[in-house]
Amino acid sequence: MPADFTFDVTAPWEIQLLVQRTLGAREKAVIPFNLGYALPSGYYTTTKAVVVEPPTEKPSAAELVADEQPLWVRIWSMDRVTIGITVAALLVLTGIFFFQDWLVKRPRLFAWVRNGYLLFTLVWLGWYAGAQLSVVNVLTFTSALVTNFSWEFFLAAPLIFILWAAVAAGLLFWGRGPFCGWLCPFGALQELLSAVAKRLKVPQVRLPWGLHERLWPIKYIIFLGLFGMSFYSMSYAEMLSEVEPFKTVIILKFVRDWPFVIFAVALLVAGLFVERFYCRYLCPLGAALAIPGRIRMFEWLKRYPDCGSPCQRCSKECPVQAIHPEGQINVNECIYCMHCQELYHDDHRCPHMIQKRLKREKFVALSTPESRGEQPKPPRTVVTHHGQPITPT
Ligand code: SF4
Ligand code: SF4
């Protein structure tokens, strides 16, 4: 309690909890929960009248302005630090994407950058700040568009708003990749767990292409089902959105009823054998992002004409099997991990680059005097200003 606040414990008082986000689409962004209390008279005796003077000081101009500000402005100014960190992280990510060629040519540095970013996304963005986007946001947004759209509602959750703005901009450039590959805390958790599993030699299952391709539509069906349901009943749609384990794993950190925990753990365990199992086949948010992601305007992932025919290396190493055996990348499935771009520049792993390197080395070897059958020139002797001869090595 502030030191200058006069609190009379014998008078009835009320505590108010302001819940800043709601689960319903048409409810207010902030709901106050009031709990009144009056100390039972048996707990105290009054010996003399206590007169509490009302504060005489008038509120300052700044306080008056603050009181008049819309709620979302007050929420944003309270969350300044977390907003600053999130914006900085998004700028770093933009830098990573713009300088991807430079980075992927340095695999060790890139591995540090990628793992570091995924850890940040999981621990800070997800578990600390609770900024996990969800398909519920998509359903709420579309539902609000056809009912009573209000920016204030969406602005009341600053990090979610900023992330959605960034994801929308990223969709134009790179599709769903920036979010699914870098900013989704649950995606980051799956990838980090998979990396640990691979280190521990957990066998990795690679699904036959025919089956893998036929499992892709499941997530679109789930998303369309939720989308349709949201027009009938938003509360049912939100209930069914529990197919997303985000709330259990990221928001509530596994502190939840056991059926939810078992479901989430089962998905994570499946991901130990099939990398990003949930992202590949089940995630409705991934599907929701893949649909508008098709409008992306640039193609930043490079390929050689011999990718796919005959070379299959990228296609075999893509962690989510997003590269068709024919060589083209399926942008709906690509999470923009940039692994194929690392291979693209690696002249010890990419067969196309290996051939180029061998040609270059052969050319250099053939251009030396010995290889042309010429006698190497004798070294020149130089005389210093002291008159001593020296031979440069
Ligand atoms: S597919 Fe779903 S879980 Fe996976 S990274 Fe994308 S949004 Fe996250
Ligand atoms: S390896 Fe390439 S195609 Fe596969 S997910 Fe990563 S960036 Fe996308």
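This passage looks at two helices and the nonpolar cores of a predicted model.

Helix H3 makes a good starting point. Its 19 residues, 80–98, reach 27 Å from the first C-alpha to the last, close to the 27 Å expected at 1.5 Å a residue. Buried positions in H3 are Thr82, Ile83, Thr86, Ala89, Leu90, Leu93, Ile96 and Phe97. Viewed down the axis of H3, these buried residues fall within an arc of 140°, so they line one face of the helix. An α-helix has 3.6 residues a turn, so residues three or four places apart point the same way. The buried residues of H3 pack against helices H2, H4, H5, H8 and H9. On the other side of H3, Arg80, Val81 and Leu91 are exposed.

Helix H6 (residues 135–146) comes next. Its end C-alpha atoms lie 17 Å apart, which agrees with the 16 Å that 12 residues should span at 1.5 Å a residue. H6 is mostly covered, with nine of its 12 residues buried, among them Val135, Val138 and Leu139. The cover over the buried residues of H6 includes H7, H8, H12, H13 and H17. At the start of H6, a side-chain oxygen of Ser134 comes to within 2.9 Å of the backbone nitrogen of Val136.

Turning to the interior, the largest nonpolar core has 74 residues, and those with the most contacts inside it are Phe179, Trp182 and Leu285. H8 supplies the largest share of this core, seven residues. Leaving aside residues up to four places away in sequence, Leu285 touches several residues, including Val135, Val138, Trp164 and Phe179. A second, separate core of five residues includes Cys307, Tyr344, Cys350 and Met353.

Definitions and conventions: Residues numbered from 1 in each chain as written. Chains lettered and ligands numbered in written order. Predicted model: local features only at pLDDT ≥ 70, side-chain atom pairs only at ≥ 80, totals over all residues. Heavy atoms only, no water. Helix = DSSP H or I, 4+ residues; strand = E, 2+ residues; numbered from the N terminus. Expected span 1.5 Å × (residues − 1). Buried < 20%, exposed > 50% of the residue type's maximum accessible area, 1.4 Å probe, protein only. Arc of directions from axis to C-beta. Contact = heavy atoms within 4.5 Å. Core = buried A, V, L, I, M, F, W, Y, C linked by side-chain atoms within 4.5 Å. Polar contact = N/O pair within 3.5 Å; in protein donor to acceptor, adjacent residues only side chain to side chain.
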